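Here is a friendly walk through one model, from the whole chain down to a few chosen residues. Please have a look at the sequence and the structure before reading on.

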Amino acid sequence: PGVSQEARAAYERGAVVVPLMRTGGASSGMFDFPSGAKVQPNFADKQHWSLLQNKDAPVDASAKAVADIVMKCPDKETTVMEAHRLRCELGHDARIVCILGGTEFKGDDSKELVENMAQKLGS
């Protein structure tokens, strides 16, 4: 429920929410997750978006899809004041995206997926 509340708050402020639907729970639509956040944005291609949903896809492929989507995320979808503040802190080339998760790993490969995404986004 907490993840859905955070996703809804971020989505309503105009943040890009990248739902890892393959993990189940809130991101898959439970707990009043914002339905608009589950709609493929125009900057994400169909193949990448499907990797966020497919529980049978290799974790590495899903993690790379998240990283690719984040890197294609346009600035105009973020809140202007928050984006400015974060760019001042992180540098003007920073991409600002909200990736949410719970406080524990529930899916069989959730921990591996998070670690893999962090590695992909860090490179």
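## A helical chain and its cores

Of the 123 residues in the protein chain, 37% are buried, where buried means under 20% relative accessible area, exposed over 50% and partly exposed in between, with a 1.4 Å probe and protein chains only. This is a predicted model, in which local features need pLDDT of at least 70 and side-chain atom pairs count only at pLDDT 80 or more, while totals for chains, interfaces and linings use all residues. Residues are numbered from 1 along each chain as its sequence is written, and side-chain values use heavy atoms, with hydrogens and water left out.

The protein chain has five helices and zero strands; these are DSSP runs numbered from the N terminus, with at least four residues (H or I) for a helix and at least two (E) for a strand. Along the sequence the pattern reads α-α-α-α-α. Among contacts with a separation of 6 or more, 62% join residues 24 or more positions apart, a contact being heavy atoms within 4.5 Å.

The largest nonpolar core has 16 residues, of which Val18, Leu20, Trp49, Leu52, Val66 and Ile69 touch the most other members. Such a core is a set of buried Ala, Val, Leu, Ile, Met, Phe, Trp, Tyr and Cys residues joined through side-chain atoms within 4.5 Å. H2, helix H3 (59–72) and helix H5 (110–122) each supply at least two residues of this core, and H3 gives the largest share, five residues. A second, separate core of seven residues includes Val3, Val17, Phe33 and Ala37.

### H3 and its partner H5

With 14 residues at 1.5 Å each, H3 should span 20 Å, and its end C-alpha atoms are indeed 20 Å apart; the expected span is 1.5 Å times one less than the number of residues. Buried residues of H3 are Val59, Ser62, Ala63, Ala65, Val66, Ala67, Ile69 and Val70, and what covers them includes H2 and H5.

How do H3 and H5 cross? Their axes come within 8 Å, at roughly 45°, using lines fitted to C-alpha atoms over the stretch in contact, with angles from 0 to 180 degrees between N-to-C directions. H3 is therefore oblique to H5: angles under 35 degrees count as roughly parallel, over 145 as roughly antiparallel, 65 to 115 as roughly perpendicular and the rest as oblique. At this interface, Val59, Asp60, Ser62, Ala63, Lys64, Val66, Ala67 and Val70 in H3 meet Glu112, Leu113, Asn116, Met117, Lys120 and Leu121 in H5.

### Three buried residues

The table sets out three residues from different parts of the chain.

| Residue | Place | Relative accessible area |
|---|---|---|
| Ala26 | loop between H1 (2–12) and H2 (46–53) | 10% |
| Val59 | helix H3 | 8% |
| Ser110 | helix H5 | 8% |

Setting aside residues up to four places away in sequence, Ala26 touches Val3, Ser4, Phe31 and Phe33. Ala26 and Val3 are 23 residues apart in sequence, with 6.3 Å between their C-alpha atoms.

With the neighbours within four places left out, Val59 contacts Arg22, Asp109, Glu112, Leu113 and Asn116. The C-alpha atoms of Val59 and Arg22 are 10.0 Å apart, for a separation of 37 residues along the chain. Counted likewise beyond four places in sequence, Ser110 is in contact with Thr23 and Phe105.
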